[in-house]
Amino acid sequence: MRLSIQMTHRTTSETGIAPTAAPFPTVSPDEVEFVQSTIIDWFATAERPLPWRDPATTAWAVLVSEIMSQQTPVSRVEPRWRAWMAKWPTPADLAAAPTAEVLHSWDRLGYPRRALRLQEAARVIAEDLDNRVPTTAAELEALPGIGSYTAAAVASFAHGQRTTVLDTNVRRVLVRVFAGRDRPTTSPSRRETQWAEQFVPAVGHVRWNAGVMEFGALVCTARNPNCDGCPLAEVCAWNRSGRPASAVRPKTQKWAGTDRQLRGAIMDVLKARHEETLDEAESDRLDGVPFDLLTASTTDLDEDMVESLGTVTSAKLRTMRDLSADAERISRLAADLVADGLAARHGDRLSLPR
Ligand code: SF4
């Protein structure tokens with residue numbers, strides 16, 4: 001079948017810029033079916049063998065993979081997911097783990113509050129749900145830290161439920177192919193979610209959900225879509241209209257020099273200290289890092305005390321202080337970490353939470 005999906009909204013061809021508030025167009029059943037079958041066929045040949053796609057993978061392992069994959073590339077997630085699942089194969093295992101160990105194992109996945117929320121969800125599953133991951137999206141969304149996307153994904157990939165999985169990759173593919181726009185808005189509206197439901201087939205919905213997500217990750221990428229090699233090139237509304245640039249450019253998140261970068265560097269110091277003291281007596285293990293060392297001005301730094309922290313910890317401390325030696329700023333960010341549950345203050349020392 002060869003179809004051309006027509007854009008039903010007006011384009012500004014004079015400027016080459018597509019309207020940004022375009023509606024979600026009506027799509028014919030034939031068009032929907034063609035795109036569904038094309039994506040599912042493509043996925044059969046292009047699917048990456050990710051470990052959480054193994055049919056033997058537990059629902060808990062799928063849930064962990066989805067939390068880890070939020071705003072984090074699969075290549076960074078996979079080794080950490082393997083280590084995590086080896087250490088905590090069930091919700092009860094994670095629920096019983098020391099929070100400091102959970103944060104340390106989260107390693108450099110970023111956004112470490114996800115680790116805390118995952119442990120909270122594990123506790124609910126272990127204590128209230130007999131260690132079983134819920135099957136429906138509504139039940140999953142009731143867990144701590146589980147949003148509508150993650151709930152739909154786990155219900156689909158772990159339990160075979162027919163849900164509409166709508167992450168950024170999926171949304172980008174749908175708006176390009178069917179609405180002729182470069183990129184979706186920041187977050188999906190109720191209207192967009194309802195519009196996207198029509199593309200989920202009654203049969204093969206899990207393969208569609210996984211396939212269209214993979215297609216957005218590998219072919220119809222945000223910055224460099226492979227339109228020349230794309231099996232949807234001839235029907236894609238955005239490609240057919242000359243790929244007009246969006247009027248709204250995506251916000252690029254600055255990293256260097258931000259509080260977020262410095263928070264991460266403080267966390268790196270605490271994680272290194274945690275690791276280097278794992279073999280010490282329990283009373284010493286949680287002693288953390290002297291607060292004065294984190295906030296001291298360069299001239300006040302007690303080199304002997306820095307070295308006594310351990311090789312990796314002292315190196316991380318120097319890296320953090322290269323970013324900033326502003327005592328007031330570091331104190332403020334440390335207080336934020338404590339308030340967020342990512343660090344704990346014990347007298348004059350700061351550590352990962354117990
Ligand atoms: S033609 Fe280009 S924009 Fe359209 S679906 Fe294919 S890769 Fe994406």
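Which helices each supply at least two residues of the shell around the ligand? The legends below begin with that question and then move to other parts of this predicted model.

**Figure 1. The shell around the ligand in the predicted model.** Helix α9, covering residues 168-179, and helix α12, covering residues 237-240, each supply at least two residues of the shell around the ligand. The residues that surround the ligand are R176, V177, F215, C220, P225, C227, C230, A233, C236, W238 and N239. Sorted by class, this shell holds nine nonpolar residues, one polar residue and one charged residue. The ligand takes up the space of the largest cavity.

**Figure 2. Cysteines beside the ligand.** Among the residues surrounding the ligand are C220, C227, C230 and C236. C227 counts as buried because its relative accessibility is 12%, which is under the 20% cut-off. C236 is likewise counted as buried, because its relative accessibility of 9% is also under 20%. A disulfide is a covalent bond between the sulfur atoms of two cysteines. When the whole structure is searched for such bonds, zero disulfides are found.

**Figure 3. The chain as a whole.** The chain contains 18 helices and five strands, and buried residues make up 48% of its 354 residues. If one takes the contacts in the chain with a separation of 6 or more, 68% of them are accounted for by residues 24 or more positions apart.

**Figure 4. S65 in helix α2.** S65 has its place in helix α2, which is formed by residues 59-69. Is S65 buried or exposed? S65 is buried, because its relative accessible area is 1% and the cut-off for buried is under 20%. Once the neighbours within four places in sequence are left aside, S65 is in contact with W52 and W81.

**Figure 5. L140 in helix α7.** L140 is found in helix α7, and with a relative accessibility of 0% this residue counts as buried. Not counting residues up to four places away in sequence, L140 touches L63, V133, P134, T135, I146, A151, V154 and A155. A further pairing to look for in this view is that of L140 with A121, which are 19 residues apart in sequence and 9.5 Å apart in space, taken from C-alpha to C-alpha.

**Figure 6. V312 and S314 in helix α17.** Helix α17 is made up of residues 311-323 and includes V312, and S314 also lies in helix α17. V312 counts as partly exposed, because its relative accessibility of 43% falls between the 20% and 50% cut-offs. S314, by contrast, is buried, with a relative accessible area of 4%. When residues up to four places away in sequence are not counted, V312 touches A272 and E276. The C-alpha atoms of V312 and A272 are separated by 6.1 Å, although these residues are 40 residues apart along the chain. For S314, leaving aside the neighbours within four places in sequence, the contacts are with V306 and E307.

**Figure 7. Two loop residues with positive phi, Y111 and N131.** Most residues other than glycine have a negative phi. Y111, however, has a phi near 45 degrees, which is a positive value in a residue other than glycine. Y111 lies in the loop between α5, residues 99-106, and α6, residues 113-128. The phi of N131 is near 65 degrees, again a positive value in a residue that is not glycine. N131 has its place in the loop between α6 and α7, the latter covering residues 137-141. How exposed are these two loop residues, and what are their relative accessible areas? Y111 is partly exposed, with a relative accessible area of 29%, and N131 counts as partly exposed at 28% relative accessibility.

**Figure 8. T26 in the loop before helix α1.** T26 has its place in the loop between β1, residues 17-18, and α1, residues 29-46. This residue counts as exposed, because its relative accessibility of 72% is over the 50% cut-off. T26 and A179 are 153 residues apart in sequence, and their C-alpha atoms are 9.1 Å apart in space.

Technical notes
Residues numbered from 1 in each chain as written. Predicted model: local features only at pLDDT ≥ 70, side-chain atom pairs only at ≥ 80, totals over all residues. Heavy atoms only, no water. Helix = DSSP H or I, 4+ residues; strand = E, 2+ residues; numbered from the N terminus. Buried < 20%, exposed > 50% of the residue type's maximum accessible area, 1.4 Å probe, protein only. Contact = heavy atoms within 4.5 Å. Near = heavy atom within 4 Å. 1 Å grid on protein atoms, 1.4 Å probe; cavity = no way out; pocket = protein on both sides within 12 Å on 5 of 7 lines; lining within 4 Å. Sits in = over half its atoms within 2 Å of the grid points. Nonpolar A, V, L, I, M, F, W, Y, C, P; charged D, E, K, R; others polar. Disulfide = S-S within 2.5 Å.
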